[in-house]
Amino acid sequence: MGHISMLFLACIYGDIMQIDTTGASGDTAKQDKLTVKGVAASKKLAEVDLARMEKYKSIITKVGRAKQMDPAVIAGIISRESRAGATLEDGWGDYGNGFGLMQVDKRWHTPLGAWNSEEHVRQGTEILIGIIEEIKTKFPQWTQNQCFKGGISAYNKGVKNVHTYEHMDEHTTGGDYANDVVARAQWFKRKGY
């Protein structure tokens with residue numbers, strides 16, 4: 001039974017645990033007044049979000065299974081985008097442009113469902129998957145894991161702003177989006193996501 005359940009949780013986009021990461025920038029770490037940066041800061045930020053994230057774990061796992069996306073990556077994005085809902089006001093963030101746990105941008109998409117619903121998490125995950133596919137097309141020479149990380153970066157600032165693997169985060173919020181999300185996702189993976 002354990003083998004079968006792991007099969008259903010397979011992520012076809014890459015292995016988050018095998019992706020290199022430098023973690024959170026000093027700017028991102030300052031959100032929680034942390035004195036550390038890098039992977040250590042990302043882990044601390046994720047840890048602060050864990051209790052809130054647990055409320056959404058069943059939704060995250062269900063959507064992850066259905067979409068063959070690692071639930072830990074969904075959790076990492078939710079942690080980064082909305083601190084598992086803590087930064088939202090009536091479900092909105094980013095000056096009223098981002099909706100829900102995964103901050104679906106109303107300027108580019110029509111938000112679906114309630115801000116903390118399965119429908120919303122499914123939409124955010126589908127947007128991420130579409131972006132990963134665009135990165136694969138843009139960078140056919142990249143490995144699967146490089147495309148996975150590039151897609152995470154582009155979830156924040158768009159495919160057009162990803163130019164090289166080494167500098168994929170230079171146009172992202174905090175200059176660290178993919179690196180921070182990857183580090184948070186790796187931490188959530190170790191916590192059973």
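**A walk through salt bridges, helix 8 and the core**

The side chains of Lys149 and Asp20 come together in a salt bridge, 3.4 Å from N to O. This pair ties distant parts of the chain: Lys149 belongs to helix 7, while Asp20 sits in the loop between helix 1 (2–8) and helix 2, 129 residues apart. Lys149 is buried, with a relative accessible area of 3%, whereas Asp20 is partly exposed at 45%. Keep in mind that this is a predicted model.

The whole structure holds 16 salt bridges, so let us visit another. Asp49 and Arg184 pair through their side chains at 3.7 Å, N to O. Here Asp49 lies in helix 3 and Arg184 in helix 8, 135 residues apart. Asp49 is buried at 0% relative accessible area, and Arg184 is buried at 0% as well. Both residues take part in a network of salt bridges with Asp32, Arg52, Arg80, Arg83, Asp176 and Asp180.

Arg184 brings us to helix 8. Of its 14 residues, 12 are buried, so this helix is largely enclosed by the rest of the structure. Its buried residues pack against helix 2 (26–29), helix 3, helix 5 and helix 7. After helix 8 comes Gly192, with a positive phi near 95°.

Helix 8 also gives two or more residues to the largest nonpolar core. That core has 48 residues, and those touching the most other members are Met69, Val73, Ile78, Phe148, Ile152 and Phe188. Take Ile152 as a guide: among the residues it touches are Ile16, Val73 and Leu128, along with Tyr177, Ala178, Val181 and Val182. Those last four are buried residues of helix 8.

Terms used: Residues are numbered from 1 along each chain as its sequence is written. This is a predicted model: local features need pLDDT of at least 70, side-chain atom pairs count only at pLDDT 80 or more; totals for chains, interfaces and linings use all residues. Side-chain values use heavy atoms; hydrogens and water are left out. A nonpolar core is a set of buried Ala, Val, Leu, Ile, Met, Phe, Trp, Tyr and Cys residues joined through side-chain atoms within 4.5 Å. Buried means under 20% relative accessible area, exposed over 50%, partly exposed in between (1.4 Å probe, protein chains only). Contact means heavy atoms within 4.5 Å. A salt bridge is a side-chain nitrogen of Lys or Arg within 4 Å of a carboxyl oxygen of Asp or Glu. Lists of a residue's contacts leave out its neighbours within four places in sequence.
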